[in-house]
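Work through the exercises below with the sequence and the structure at hand. Try each task before reading its solution.

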Amino acid sequence: MSFDSHGSRHAHRAVGTVERAEPLDLLGRVPYGRLATSMRALPFLAVARHIVCDGRILLRMHSGFGHHEACDGSVVAYGADNYNDAASGDGGNLWSVQFTGPAEIVHPRPEQEELFGAAPVSVNGEPYAPAYLRVDPHFVTEHTLDF
């Protein structure tokens, strides 16, 4: 664990370490995050719904943009935070976590699909069509803002 000059904590952890539990627990506190990778040599961010299963992150996203296909077999970053808590006036400490690792298209088991909850009806006016990715987190970065 290291701290930068702004007091942010950096936790770079390898897969399989006990210390990874805290960032995965944080991820479980919010339903959505952002997937980052590149498509046709350009970087992009895509919103995704996530769940944590067996130390891996399962993502549900709209298939209509092809983002899941661009991620399949690539190293991606996935991050989530509770920054909206500050905007809503809930106060308290803020955090963000980012996981980096390989992603692959998967077909979740029925019990995993249920954990995602209700899917959006549409995306940009088009019917929502789900696609699923699994991210195997190899590196974890956690930042906290203490008030």
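**Exercise 1.** Which residues does Ile57 touch, not counting residues up to four places away in sequence?

*Solution.* The model is a predicted one. Step 1: leave out the residues up to four places away from Ile57 in sequence. Step 2: list the residues that remain in contact with Ile57, which are Leu24, Leu27, His50, Ile51, Tyr78, Phe99, Leu133, Arg134, Val135 and Pro137.

**Exercise 2.** Find how many residues the largest nonpolar core has, and name those with the most contacts inside it.

*Solution.* Step 1: the largest nonpolar core has 23 residues. Step 2: the residues with the most contacts inside this core are Leu27, Leu35, Ile57, Leu59, Tyr78 and Phe99. Step 3: at least two residues of this core come from each of helix H1 (21-27), strands S3 (32-39), S4 (42-53), S5 (56-62), S6, S7 (94-105) and S10 (130-135). Step 4: S7 gives the most, with four residues. Step 5: another core, of six residues, lies apart from this one, and Ile51, Leu58, Val106 and Tyr132 are among its members. As background, nonpolar side chains tend to be buried together in soluble globular proteins.

**Exercise 3.** Decide whether Leu27 is buried or exposed, and describe its surroundings.

*Solution.* Step 1: locate Leu27 in helix H1. Step 2: buried means under 20% relative accessible area. Leu27 has a relative accessibility of 0%, so Leu27 counts as buried. Step 3: outside the residues up to four places away in sequence, Leu27 touches His50, Val52, Ile57, Tyr78, Ala80, Trp95, Val97 and Phe99. Step 4: take Ala80 from that list. Leu27 and Ala80 are 53 residues apart in sequence, while their C-alpha atoms are 6.5 Å apart in space.

**Exercise 4.** Classify the one aromatic pair that a search of the whole structure finds.

*Solution.* Step 1: the rings are those of Phe116 and Tyr132, with centres 5.5 Å apart. Step 2: their planes are at 55 degrees, so the pair is tilted. Step 3: Phe116 lies in helix H4 (residues 110-116) and Tyr132 in strand S10, so the pair ties together parts 16 residues apart in sequence. Step 4: both Phe116 and Tyr132 are buried.

**Exercise 5.** Which residues form a nonpolar patch on the surface with about 350 Å² of accessible area together?

*Solution.* Step 1: the patch is formed by Tyr83, Leu145 and Phe147. Step 2: place Tyr83 in the loop between strand S6 (75-81) and helix H3 (84-87). Step 3: the relative accessible area of Tyr83 is 36%, so Tyr83 is partly exposed.

Technical notes
Residues numbered from 1 in each chain as written. Predicted model: local features only at pLDDT ≥ 70, side-chain atom pairs only at ≥ 80, totals over all residues. Heavy atoms only, no water. Patch = residues over 30% accessible without salt bridge, like charges linked within 9 Å, V, L, I, M, F, W, Y side chains within 5 Å. Areas by Shrake-Rupley, 256 points an atom, 1.4 Å probe, with all protein chains shown as cover. Salt bridge = Lys/Arg side-chain N within 4 Å of Asp/Glu carboxyl O. Buried < 20%, exposed > 50% of the residue type's maximum accessible area, 1.4 Å probe, protein only. Core = buried A, V, L, I, M, F, W, Y, C linked by side-chain atoms within 4.5 Å. Contact = heavy atoms within 4.5 Å. Phe/Tyr/Trp six-rings, centres within 6.5 Å; stacked < 30°, edge-to-face > 60°.
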